[in-house]
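User: I've got this model open and would like a close look at one part of it, with enough of the surroundings to make sense of what I'm seeing. Could you walk me through it?

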Amino acid sequence: MTDGSLFPQTPAPADALNAAQPAPERAELLVWMADLLRAEYGERPLTPRRAPMHELISTILSQRTTHADEEAAYGELCLLGDWDEIIAAPVEAVAHAIRRSNYPESKAPRIQATLSAIKAERGGYDLDFLAELPVPDALKWLTNLPGVGVKTGSLVLLFNFARPVFPVDTHVHRVTTRVGAIPRMGEQAAHRALLALLPPDAPHLYELHVNLLRHGQKVCHWTAPKCPVCILREKCDAHAIYGNRVPSFGK
């Protein structure tokens, strides 16, 4: 006999899944998710956690890296001096300083190139002008920098300047895809797809981003997600298909 705690008795047909529903219904699903996540993880006021340049460089460092190692890498990077001195330092010295971050040999030249591009474009490192640019122009300016993708640019705009964008990291992408707010797609496309379903309200976007990230870290893991304790399982596509044995996200 099939154990109903592991598999649903009758898997949901494909056309009944959230991912197959029209955009308005998936937008309502995101509202439901936001409410449950707020109840679980609390309200998250939108207040800048660090200066814009710190946010930008730390987000580059954070890729495939734990928060603790990202912070350690940033702290050692700053021991090399100010931004001009980091640009002028040997790339090997920068890579050594950020060695707690994964892939330091590739991140070091990207950080130096990003800093050089900002200095050449702006004559300094003040990013406050991004608060006044139209959002598409601000995001384009950031993503034109070497090594800055849409996730990093969106984080800076939302976290530092309360611009209505929605950063999609690996946790946000995984949870929203499994639940079915968006069909399966890459992270780059997910930025546009999710933002189209969400209200242009920066505090709401920030809280949802942070709480989805938290849920991905604590419950909806890449492998062996903790479905039995998941507050979203009632309406989750993956749970409707696989029960409590949702496979690794890459499968």
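User: How many disulfides does a search of the whole structure find? Please take a close look at the cysteines, then carry on into the rest of the chain.

Analyst: Keep in mind that this is a predicted model. The search of the whole structure comes back with zero disulfides. Take Cys220 to start with: the closest cysteine sulfur belongs to Cys230, and at 6.2 Å it is too far away for a bond. A disulfide would need the two sulfur atoms within 2.5 Å. Seen from the other end, Cys230 is in no disulfide either, with the sulfur of Cys220 as its nearest cysteine sulfur, 6.2 Å away. As for cover, Cys220 has a relative accessible area of 9%, so it is buried. Cys230 comes out at 10%, so that one is buried as well.

Now for the setting. The protein chain has twelve helices and zero strands, so its radius of gyration is worth a look next: at 20 Å it is close to the 18 Å that the globule rule gives for 251 residues, which makes the chain as compact as a globular protein of that length. Along its principal axes, the C-alpha trace spans about 65 × 35 × 30 Å. Buried residues account for 46% of the 251 residues. If you take the contacts between residues at least 6 apart in sequence, 66% of them join residues at least 24 apart.

On the outside, the chain exposes about 12,100 Å², and carbon and sulfur atoms supply 56% of that. There are 26 positive and 28 negative charges, and their mean positions lie 6 Å apart.

Back to single residues, with Gly216 up next. You'll find Gly216 in helix α11, which covers residues 202-218. Its relative accessible area is just 1%, so Gly216 is buried. Setting aside neighbours within four places in sequence, Gly216 is in contact with His171, Arg174, Val175 and His221. Arg174 is 42 residues away from Gly216 along the chain, yet their C-alpha atoms are separated by 7.3 Å.

Helix α9 is a good next stop. It runs over residues 170-179 and holds His173; Thr177 has its place in α9 too. With a relative accessible area of 9%, His173 is buried. Thr177, at 10% relative accessibility, also counts as buried. Leaving out residues up to four places away in sequence, His173 touches Val168, Ile182, Met185, Gly186, Glu187, Ala190 and Phe249. Thr177, with its neighbours within four places left aside, is in contact with Ile182, Pro183, Arg184 and Phe249. So if you click on Ile182 or Phe249, you'll be looking at residues that touch His173 and are in contact with Thr177, given that contact means heavy atoms within 4.5 Å. For a sense of distance, Thr177 and Leu61 are 116 residues apart in sequence and 25 Å apart in space, C-alpha to C-alpha.

Loops next. Arg50 lies in the one between α1 (23-41) and α2 (52-62). It has a relative accessible area of 11%, so this loop arginine is buried. Apart from neighbours within four places in sequence, the residues in contact with Arg50 are Glu55, Ser58, His67, Glu70, Glu71 and Asn160. Leu115 is 65 residues from Arg50 in sequence, and the two are 18 Å apart in space, C-alpha to C-alpha.

Two other loop residues deserve a look for their backbone angles. Tyr103 has a positive phi of about 60 degrees although it is not a glycine. You'll see Tyr103 in the loop between α5 (91-97) and α6 (104-122), and with a relative accessible area of 55% it is exposed. The other is Ala162, where phi is near 50 degrees, again a positive value in a residue other than glycine. Ala162 sits in the loop between α8 (150-161) and α9. At 40% relative accessible area, Ala162 is partly exposed.

To come back to your cysteines: Cys220 and Cys230 are each other's nearest by sulfur, at 6.2 Å, and the search of the whole structure finds zero disulfides.

Technical notes:
Residues are numbered from 1 along each chain as its sequence is written. This is a predicted model: local features need pLDDT of at least 70, side-chain atom pairs count only at pLDDT 80 or more; totals for chains, interfaces and linings use all residues. Side-chain values use heavy atoms; hydrogens and water are left out. Helices (H or I, at least four residues) and strands (E, at least two) are DSSP runs, numbered from the N terminus. The radius of gyration is taken over C-alpha atoms; the globule rule is 2.2 Å times the number of residues to the power 0.38. Buried means under 20% relative accessible area, exposed over 50%, partly exposed in between (1.4 Å probe, protein chains only). Accessible areas come from the Shrake-Rupley method with a 1.4 Å probe; for residues, only the protein chains shown count as cover. Lys and Arg count as positive and Asp and Glu as negative; His and the chain ends are not counted. The place of a charge is taken as NZ of Lys, CZ of Arg, CG of Asp or CD of Glu.
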